[in-house]
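Work through the exercises below with the sequence and the coordinates open. Try each task before reading its solution.

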Amino acid sequence: MIKIEVDDRAIKQAIGAALSISKNPKPMFREIGAALVDSTKLRFKDSTAPSGQAWAPLSALTISRRRGGGKGAKPLLDTGRLRNSITMLAGNDFVEVGTNVRYAAIHQFGGAIDIAARSQQLFFRQGKNGQVGNRFVKKKRSNFAQWATIGAYQINIPARPFLGLSAEDRQEILEIARHHYEQALSGKR
């Protein structure tokens, strides 16, 4: 779980004012959550952090391993699973925006992943002339096998923050809170 709390005086005052006169504040928090989910998902399209800073580009190795040759590949969008998992939960006095994807934290904060050494048997199809093809095959189709050992190594993942509030998010939250405050004062809520 990644937790980012907002400590913004203007936002707290606007939400506090709306809460103080509203009998049902949950719709306000639902609206704020929906806006933040949309904003967070747009960061994947733009490859930017909430601060507006561009995410670290993909490494050449990562691009070469991507489906389709990596043309136009963007960070964190290989399958779209992380982006599509962004959701929100709203209550009468809170809104949470986040994801339940296990690898989200390593992308949000960056870090190193240690890969242990391992050995694996590789299966090939050897031609009639004794040449080993350059393609791996399933065990049942092979006529040549070889063991390969890969030493321990580390993968460094740069931080690509996608959760958090941008300046535009803060302004949107203020506008939503003001709108709900005005509706509560007018008796419409």
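**Exercise 1: Asn84**

Asn84 is partly exposed, with a relative accessible area of 48%. The model is a predicted one.

Task: State which helix holds Asn84, and how far Asn84 is from Thr99 in sequence and in space.

Solution.
- Step 1. Asn84 belongs to helix H4, which spans residues 81-84.
- Step 2. Check the class. Exposed requires over 50% and buried requires under 20%. Asn84 has 48%, so it is partly exposed.
- Step 3. Along the sequence, Asn84 and Thr99 are 15 residues apart. Their C-alpha atoms are 8.9 Å apart.

**Exercise 2: the whole chain**

Task: Describe the order of helices and strands along the chain, then give the share of buried residues.

Solution.
- Step 1. Count the elements: six helices and seven strands.
- Step 2. Read along the sequence. The pattern is α-α-α-α-β-β-α-β-β-β-β-β-α.
- Step 3. Turn to burial. Of the 189 residues in the chain, 31% are buried.
- Step 4. Add the surface. The accessible surface is about 12800 Å², and carbon and sulfur atoms account for 50% of it.
- Step 5. Look at contacts with a separation of 6 or more. Residues 24 or more positions apart make 64% of them.

**Exercise 3: H2 against H6**

Task: Are H2 and H6 roughly parallel or roughly antiparallel? Which residues make their contact?

Solution.
- Step 1. Locate the helices. H2 covers residues 26-46 and H6 covers residues 167-186.
- Step 2. Take the axes. They come within 10 Å and cross at roughly 160°.
- Step 3. Apply the cut-off. Angles over 145 degrees count as roughly antiparallel. H2 and H6 are therefore roughly antiparallel to each other.
- Step 4. Give the hand. The H2 and H6 crossing is right-handed.
- Step 5. List the contact. H2 supplies Pro27, Met28, Glu31, Ile32, Ala35, Leu36, Ser39 and Arg43. H6 supplies Asp169, Glu172, Ile173, Ile176, Ala177 and His180.
- Step 6. Sort by class. The contact of H2 with H6 has eight nonpolar, two polar and four charged residues.

**Exercise 4: two H2 residues**

Task: Decide whether Ser39 and Arg43 are buried or exposed, then list their contacts beyond four places in sequence.

Solution.
- Step 1. Place them. Ser39 is in helix H2. Arg43 is in helix H2 as well.
- Step 2. Classify Ser39. Its relative accessible area is 16%, so Ser39 is buried.
- Step 3. Classify Arg43. Its relative accessible area is 5%, so Arg43 is buried.
- Step 4. List the partners of Ser39: Ser166 and Asp169.
- Step 5. List the partners of Arg43: Thr48, Ala49, Pro50, Trp55, Phe162, Leu163, Gly164, Leu165, Ser166 and Asp169.
- Step 6. Compare the lists. Ser166 and Asp169 appear in both.

**Exercise 5: positive phi**

Task: Find where Ser47 and Leu76 lie, and give the phi of Ser47 and of Leu76.

Solution.
- Step 1. Recall the background. Most residues other than glycine have a negative phi.
- Step 2. Take Ser47. Its phi is near 55°, a positive value in a residue other than glycine. Ser47 sits in the loop between H2 and H3.
- Step 3. Take Leu76. Its phi is near 65°, again positive in a residue other than glycine. Leu76 sits in the loop between H3 and H4.
- Step 4. Check burial. Ser47 has 12% relative accessibility and counts as buried. Leu76 has 12% relative accessibility and counts as buried.

**Exercise 6: pairs distant in sequence**

Task: How many residues separate Ser59 from Ile157 along the chain, and Arg170 from Ala10? Give the C-alpha distance of the Ser59 and Ile157 pair and of the Arg170 and Ala10 pair.

Solution.
- Step 1. Place Ser59. It lies in the loop between H2 and helix H3 (60-65). Its relative accessible area is 37%, so Ser59 is partly exposed.
- Step 2. Pair it. Ser59 and Ile157 are 98 residues apart in sequence, and 10.0 Å apart from C-alpha to C-alpha.
- Step 3. Place Arg170. It lies in helix H6. With a relative accessible area of 30%, Arg170 is partly exposed.
- Step 4. Pair it. Arg170 and Ala10 are 160 residues apart along the chain, with their C-alpha atoms separated by 9.0 Å.
- Step 5. Add contacts. Beyond four places in sequence, Arg170 is in contact with Val6, Asp8, Ile11 and Leu165.

Notes
Residues numbered from 1 in each chain as written. Predicted model: local features only at pLDDT ≥ 70, side-chain atom pairs only at ≥ 80, totals over all residues. Heavy atoms only, no water. Axes fitted to C-alpha atoms, helices over the stretch in contact; angles between N-to-C directions. Helix = DSSP H or I, 4+ residues; strand = E, 2+ residues; numbered from the N terminus. Parallel < 35°, antiparallel > 145°, perpendicular 65-115°, else oblique. Left-handed = near helix turned anticlockwise from the far one by under 90°. Contact = heavy atoms within 4.5 Å. Nonpolar A, V, L, I, M, F, W, Y, C, P; charged D, E, K, R; others polar. Buried < 20%, exposed > 50% of the residue type's maximum accessible area, 1.4 Å probe, protein only. Areas by Shrake-Rupley, 256 points an atom, 1.4 Å probe, with all protein chains shown as cover.
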